[in-house]
Amino acid sequence: MNVTVYHGGTDVIISPQYDAGRDHLDFGKGFYVTDIRQQAVDWAGRMADRRKLPPLLNVYELDRDSILANHRCKVFAAYDEEWLDFIVTSRLGARPWQEYDYIEGGVANDRVVDTLNLFMADLMTKEKALEKLSEHRPNNQMCLLRQEIIDKHLIYHGTEQL
C-alpha cells in the first residue's frame with residue numbers, strides 16, 4: 001500500500017538525497033518524511049521563521065509496504081525503552097541506525113524533548129522518563145537511509161507554498 005508523505009521546509013525537493021541531512025538526528029542521517037500533514041506543516045513554519053523564507057510542503061507517495069517487505073527496517077510503535085535508548089544513542093554520536101535502510105517511529109519533538117534532555121543529563125531516571133513518555137501518543141517520522149530506497153520507493157507529487 002502506498003502512503004502519502006510530506007517533507008516540510010523552505011526548499012523544493014524533487015529528488016531527495018539521503019545524505020543531505022545532519023548527523024546525530026533521531027534516526028540518523030537520512031531523508032525524513034511524515035504521514036502526518038500537520039506535523040510537516042508545523043515543521044515548515046518553524047524552518048521558515050528561522051530562515052526568513054516562505055514555508056513549503058513537499059508531497060510524495062511512499063511504497064511503504066514494499067520497503068518493509070524488502071529492506072532492513074526498524075519500526076518503533078511507541079515511546080518505549082527501545083525508542084529511548086535508540087534516540088539517546090544516536091544523539092550521543094553512535095550510529096545505531098547504520099544497520100537499517102528505513103526507520104519509522106515517534107519524533108523527539110517539543111512534547112517530549114524536555115523529558116529526553118533531562119534523562120540525557122542524568123536529571124531523570126529511565127523509569128521516570130518512560131513514565132512521562134508514555135503519556136504521549138507519538139507523532140510519526142520516517143527516515144529513508146539509503147538512496148536506492150528513495151529512488152525506487154518515493155515518488156514526488158509536488159510542492160505547496162503554505
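Here a trainee and a mentor talk through a predicted model, taking its sheets, its largest pocket and a few single residues in turn.

Trainee: Let's begin with the open sheet of four strands; what is its strand order?

Mentor: Happy to start there. Strands of a sheet pair through backbone hydrogen bonds, either parallel or antiparallel. In this open sheet the pairing is mixed. Reading across its four strands, the order is 2-6-5-4.

Trainee: Which strands stand at the edges of that sheet?

Mentor: Look for strands with a single partner strand, so that one side of each is left without a neighbour in the sheet. Neighbouring strands here are turned by 15 degrees against each other on average, direction ignored. The edge strands are strand 2 (31-33) and strand 4 (73-75).

Trainee: Over how many bridges do strand 5 and strand 6 pair?

Mentor: Strand 5 covers residues 102-105 and strand 6 covers residues 141-144, and they pair in the antiparallel sense. You can find two of the matches by eye: Gly 105 stands opposite Gln 141, and Glu 104 has Met 142 as its bridge partner. The number of bridges between strand 5 and strand 6 is four.

Trainee: On the other pairing of strand 6, which residue does Tyr 32 stand opposite?

Mentor: Strand 2 and strand 6 pair in the antiparallel sense over three bridges. Tyr 32 faces a residue in strand 6, and that residue is Cys 143.

Trainee: Are the side chains of Gln 141, Met 142, Cys 143 and Leu 144 in strand 6 buried or exposed?

Mentor: In a regular strand the side chains alternate between the two faces of the sheet. Strand 6 shows this, with Gln 141 and Cys 143 pointing one way and Met 142 and Leu 144 the other way. The term for residues under 20% relative accessible area applies to all of them: they are buried.

Trainee: Now to strand 3; how many of its eight residues are buried?

Mentor: Strand 3 (residues 56-63) has partners to consider. It pairs with strand 1 in the antiparallel sense over eight bridges, and with strand 7 (residues 154-161) in the antiparallel sense over seven bridges. Strand 3 is largely enclosed by the rest of the structure, because the number of its residues that are buried is six.

Trainee: Which residue of strand 3 is the bridge partner of Asn 2, and which residue of strand 7 stands opposite Asn 58?

Mentor: Take the two pairings separately. Across from Asn 58 in strand 7 is Thr 159. For Asn 2, the bridge partner in strand 3 is Asp 63.

Trainee: Which element supplies the largest share of the lining of the largest pocket?

Mentor: The largest pocket has a volume of about 1,100 Å³ and is lined by 36 residues. Nearest its centre lie His 7, Arg 22, Leu 25, Tyr 32 and Trp 43. Strand 1 (2-9), strand 2 and helix 1 (37-51) each supply at least two lining residues. The largest share, nine residues, comes from helix 1.

Trainee: By class, how many charged residues does that lining have?

Mentor: The lining is a mixture of classes. It has 13 nonpolar and 14 polar residues. The charged residues number nine.

Trainee: With which side chain does the side chain of Thr 34 make a polar contact?

Mentor: Thr 34 sits in the loop between strand 2 and helix 1. Its relative accessibility is 4%, so Thr 34 counts as buried. Its side chain makes a polar contact, at 3.4 Å, with the side chain of Gln 39.

Trainee: What phi does Lys 52 have, although it is not a glycine?

Mentor: Lys 52 is found in the loop between helix 1 and strand 3. At 71% relative accessibility, Lys 52 counts as exposed. Its phi is positive, at about 60 degrees.

Trainee: Where is Asp 122 found?

Mentor: Asp 122 also is not a glycine, and has a positive phi of about 60 degrees. Asp 122 is exposed, with a relative accessible area of 69%. Its place is the loop between helix 4 (113-120) and helix 5 (126-133).

Trainee: One last distance: what separates the C-alpha atoms of Lys 152 and Ile 67?

Mentor: Lys 152 lies in helix 6 (residues 147-153) and counts as exposed at 65% relative accessibility. Along the chain, Lys 152 and Ile 67 are 85 residues apart. Their C-alpha atoms are separated by 9.4 Å.

Conventions:
Residues numbered from 1 in each chain as written. Predicted model: local features only at pLDDT ≥ 70, side-chain atom pairs only at ≥ 80, totals over all residues. Heavy atoms only, no water. Pairing = 2+ DSSP bridges. Axes fitted to C-alpha atoms, helices over the stretch in contact; angles between N-to-C directions. 1 Å grid on protein atoms, 1.4 Å probe; cavity = no way out; pocket = protein on both sides within 12 Å on 5 of 7 lines; lining within 4 Å. Points joined across faces, edges and corners; volume = space filled by probe spheres on them. Nonpolar A, V, L, I, M, F, W, Y, C, P; charged D, E, K, R; others polar. Buried < 20%, exposed > 50% of the residue type's maximum accessible area, 1.4 Å probe, protein only. Polar contact = N/O pair within 3.5 Å; in protein donor to acceptor, adjacent residues only side chain to side chain.
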